[in-house]
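Biologist: I'm new to this one. Can you pull it up and walk me through it?
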Amino acid sequence: MPPIALPYDAKAGPTKSEVRAVVRSKLALEPDDHFAEVGSCTGAVTIEAAQRAGRVTALERKAERLETTEKNLAANEDSIRADVELRNAEAPEGLPDDADALFLGGSRNFEAVLDHAVATEVDRIVMNVSRLEVAGKATEAFRERDILEEVVQFQVSHGYELAGATSFDSDNPVYMLVGSATPDSDSDGEVSR
């Protein structure tokens, strides 16, 4: 797939492209999947999911950010294959009951969102967290619901020229929690290694 265009920005900014690549891998979206996202912001993850899944439901509680999602979706309309529904709602309100995959881009109300995922047996759940304290609470919440499959921490650095050589600027680390709420999942409450 060609890189997505994000001509419109929101204060929170998009999920970085390298992080989205790992999210894509963990979600493993198929053409018949219904993907749900909590916290669409710029729409970066929404757009990439809409290039792969059959249906996408994206929630954003802030109306101005939802407008940004909508504008960026329009800028990528030639590569969108999914039926996309944008909802101005605060999760878990507005989440579909038939999602195959769920991405939490924000940490607000994440425990209630995870409860919804368990109740509706979402097969693939990915949550990104940038703050260490929230990562700990989220890991505990995944474990309490017996849905934790993996915790990944990674950091990306980008090179730049400095005095004729290459130096690096580091992005903030990202903690990614991966899980499943389907009864036949391999989750045993332990982190994969």
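Modeller: Sure. Start with the lining of the largest cavity: Arg20, Val23, Arg24, Leu27, Leu29, Val45, Glu48 and Ala49. Keep in mind that this is a predicted model.

Biologist: Which elements give two or more residues to that lining?
Modeller: Helices α1 and α2 do. The largest share comes from α1, with 4 residues.

Biologist: How much space lies in the largest cavity?
Modeller: About 50 Å³. A search of the whole structure finds 1 cavity of 30 Å³ or more.

Biologist: How does its lining split by class?
Modeller: There are 5 nonpolar residues and 3 charged ones. The lining has no polar residues.

Biologist: What links Arg20, Arg24 and Glu48?
Modeller: A network of salt bridges joins these three. They also appear in the cavity lining.

Biologist: Back to α1. Which of its residues are buried?
Modeller: Helix α1 covers residues 17–27, and its buried residues are Val19, Arg20, Val23 and Leu27. They span an arc of only 100° around the axis, so they sit on the same side of α1.

Biologist: Why would residues a few places apart point the same way?
Modeller: An α-helix has 3.6 residues a turn, so residues three or four places apart point the same way.

Biologist: What do the buried residues of α1 pack against?
Modeller: One helix and several strands. The helix is α2 (44–50). The strands are β1 (34–38), β4 (101–104), β5 (124–129), β6 (148–154) and β9 (174–179).

Biologist: And what comes just after α1?
Modeller: Ala28, which takes a positive phi of about 45°.

Biologist: Switching topic: pockets. How much space lies in the largest one?
Modeller: About 990 Å³. The lining has 40 residues, and the closest to the pocket's centre are Ala12, Thr15, Gly105, Gly106 and Ser130.

Biologist: Which elements supply at least two residues of that lining?
Modeller: β1, α2, β2 (55–60) and β5 each do. Helix α2 also gives two or more residues to the lining of the largest cavity.

Biologist: What about classes in the pocket lining?
Modeller: It divides into 17 nonpolar, 13 polar and 10 charged residues.

Biologist: Now salt bridges. How many does the structure hold?
Modeller: It holds 10. One of them joins the side chains of Arg55 and Asp98, at 2.5 Å from N to O. Arg55 lies in strand β2 and Asp98 in the loop between β3 (83–88) and β4, so the pair ties together parts that are 43 residues apart in sequence.

Biologist: How exposed are those two?
Modeller: Arg55 is partly exposed, with a relative accessible area of 36%. Asp98 is partly exposed too, with 39%.

Biologist: What about Arg124? Which residue does it pair with?
Modeller: Arg124 forms a salt bridge with Asp123, and their closest N and O atoms are 2.9 Å apart.

Biologist: Is Arg124 buried or exposed?
Modeller: Buried. Arg124 has 15% relative accessibility, and the cut-off for buried is under 20%. Its partner Asp123 is partly exposed, with a relative accessible area of 31%.

Biologist: One last pair. What does Arg145 meet in a salt bridge?
Modeller: The side chain of Glu144, at 3.8 Å from N to O. Glu144 is exposed, with a relative accessible area of 56%.

Technical notes. Residues are numbered from 1 along each chain as its sequence is written. This is a predicted model: local features need pLDDT of at least 70, side-chain atom pairs count only at pLDDT 80 or more; totals for chains, interfaces and linings use all residues. Side-chain values use heavy atoms; hydrogens and water are left out. Buried means under 20% relative accessible area, exposed over 50%, partly exposed in between (1.4 Å probe, protein chains only). The arc is that of the directions from the helix axis to the C-beta atoms. Contact means heavy atoms within 4.5 Å. On a 1 Å grid over the protein atoms alone, a cavity is a set of points where a 1.4 Å probe fits but cannot get out, and a pocket is an open set with protein on both sides within 12 Å along at least five of seven lines; lining residues have an atom within 4 Å of a point. Grid points are joined across faces, edges and corners, and a volume is the space filled by probe spheres set on the points. Ala, Val, Leu, Ile, Met, Phe, Trp, Tyr, Cys and Pro count as nonpolar, Asp, Glu, Lys and Arg as charged, and the others, Gly among them, as polar. A salt bridge is a side-chain nitrogen of Lys or Arg within 4 Å of a carboxyl oxygen of Asp or Glu.
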